[in-house]
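Work through the exercises below with the structure open. Try each task before reading its solution.

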Amino acid sequence: MITDKDAMSLALAEACLAAREGEVPIGAVLTVDDQLFRGHNRTIGLSDPTAHAEIVVMRAAAKAIGNHRLVGARLYVTLEPCIMCVGAIVQARIAQLVYGARDPRFGAVESMLKAFELDVNHKPEVVGGVLADEASTLLKEFFKVRR
């Protein structure tokens, strides 16, 4: 079994790939049934506003296992998920969400909104702050160059 820190390191590597592609550097890793899937933001490259790292990796995993429910899955993402991604996490029945940096503007786990505290039919175990400094630094450096 992969550790949270090791999985988040892989997600950070995905975030670096996103940055090289001109995408906001957010990466994700999903583990389910002894399989590991990787993804990163692709909204610009795919001209798809829903192609956040979390959605990209959940789509890949669901397609590979042949089921829209990712029961038992652990999702690692470098930035606190937005409300769209939280909704997808609920729909996919993700067992555990591990994220890095908080997102005070759009984070829907603990920052802008606490969506898992709403009356939803599934609530994953949540761990925040794993390699948060590294994830935050990557985002800050990306936007410093952009602005």
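**Exercise 1. A residue and its contacts**

Task: Find which residues T31 contacts, leaving aside its neighbours within four places in sequence.

Solution. The model is a predicted one. Start at T31 and skip the neighbours within four places in sequence; the contacts left are I2, L36, G72, A73, R74 and Y76. Next, place the residue: T31 sits in strand β1, which covers residues 27–32. Then check its cover. The relative accessible area of T31 is 14%. Buried means under 20%, so T31 is buried.

**Exercise 2. A loop residue**

Task: Decide where E21 lies and whether E21 is buried, partly exposed or exposed.

Solution. First, the location: E21 belongs to the loop between α1 (4–20) and β1. Second, the accessibility: E21 has a relative accessible area of 46%. The partly exposed class runs between the 20% and 50% cut-offs, so E21 is partly exposed. Third, the contacts: with neighbours within four places in sequence left aside, E21 touches H40 and R42. Last, a distance: E21 and G45 are 24 residues apart along the chain, and their C-alpha atoms are separated by 7.9 Å.

**Exercise 3. Positive phi**

Task: Work out where D33 and S47 lie, and what sign phi has in D33 and in S47.

Solution. Take D33 first. D33 is in the loop between β1 and β2 (35–40). Its phi is positive, near 50°, and D33 is not a glycine. The relative accessibility of D33 is 55%, so D33 counts as exposed.

Now S47. This residue is in the loop between β2 and α2 (53–65). S47 is not a glycine either, yet its phi is positive, about 50°. With 67% relative accessibility, S47 counts as exposed.

**Exercise 4. Aromatic rings**

Task: Determine how many aromatic pairs the structure holds.

Solution. There is one aromatic pair. Its partners are F142 and F143, with 5.1 Å centre to centre and 85° between the planes. Planes over 60 degrees apart count as edge-to-face, so this pair is edge-to-face. Now compare the cover of the partners. F142 has 12% relative accessibility and therefore counts as buried. F143 has 27% and therefore counts as partly exposed.

Turn to E141. This residue lies in helix α4 (residues 132–146). E141 is partly exposed, at 41% relative accessible area. E141 and I89 are 52 residues apart along the chain, with 28 Å between their C-alpha atoms.

**Exercise 5. The whole chain**

Task: Count the helices and strands, then test the chain against a compact globule.

Solution. Count first: the chain has four helices and five strands. In sequence order the pattern is α-β-β-α-β-α-β-β-α.

Then test the radius of gyration. A compact globule of 147 residues would have a value near 15 Å; the chain has 14 Å, so the two agree. The C-alpha trace spans about 40 × 30 × 30 Å along its principal axes.

Next, burial and contacts. Of the 147 residues, 45% count as buried. Take the contacts between residues at least 6 apart in sequence: 55% of them join residues at least 24 apart.

Finish with surface and charge. The accessible surface is about 7600 Å², and 54% of this belongs to carbon and sulfur atoms. The chain carries 17 positive and 18 negative charges, whose mean positions are 4 Å apart.

Notes:
Residues numbered from 1 in each chain as written. Predicted model: local features only at pLDDT ≥ 70, side-chain atom pairs only at ≥ 80, totals over all residues. Heavy atoms only, no water. Phe/Tyr/Trp six-rings, centres within 6.5 Å; stacked < 30°, edge-to-face > 60°. Buried < 20%, exposed > 50% of the residue type's maximum accessible area, 1.4 Å probe, protein only. Helix = DSSP H or I, 4+ residues; strand = E, 2+ residues; numbered from the N terminus. Rg over C-alpha atoms; globule rule 2.2 N^0.38 Å. Contact = heavy atoms within 4.5 Å. Areas by Shrake-Rupley, 256 points an atom, 1.4 Å probe, with all protein chains shown as cover. Lys, Arg positive; Asp, Glu negative; His and termini not counted. Charge placed at Lys NZ, Arg CZ, Asp CG, Glu CD.
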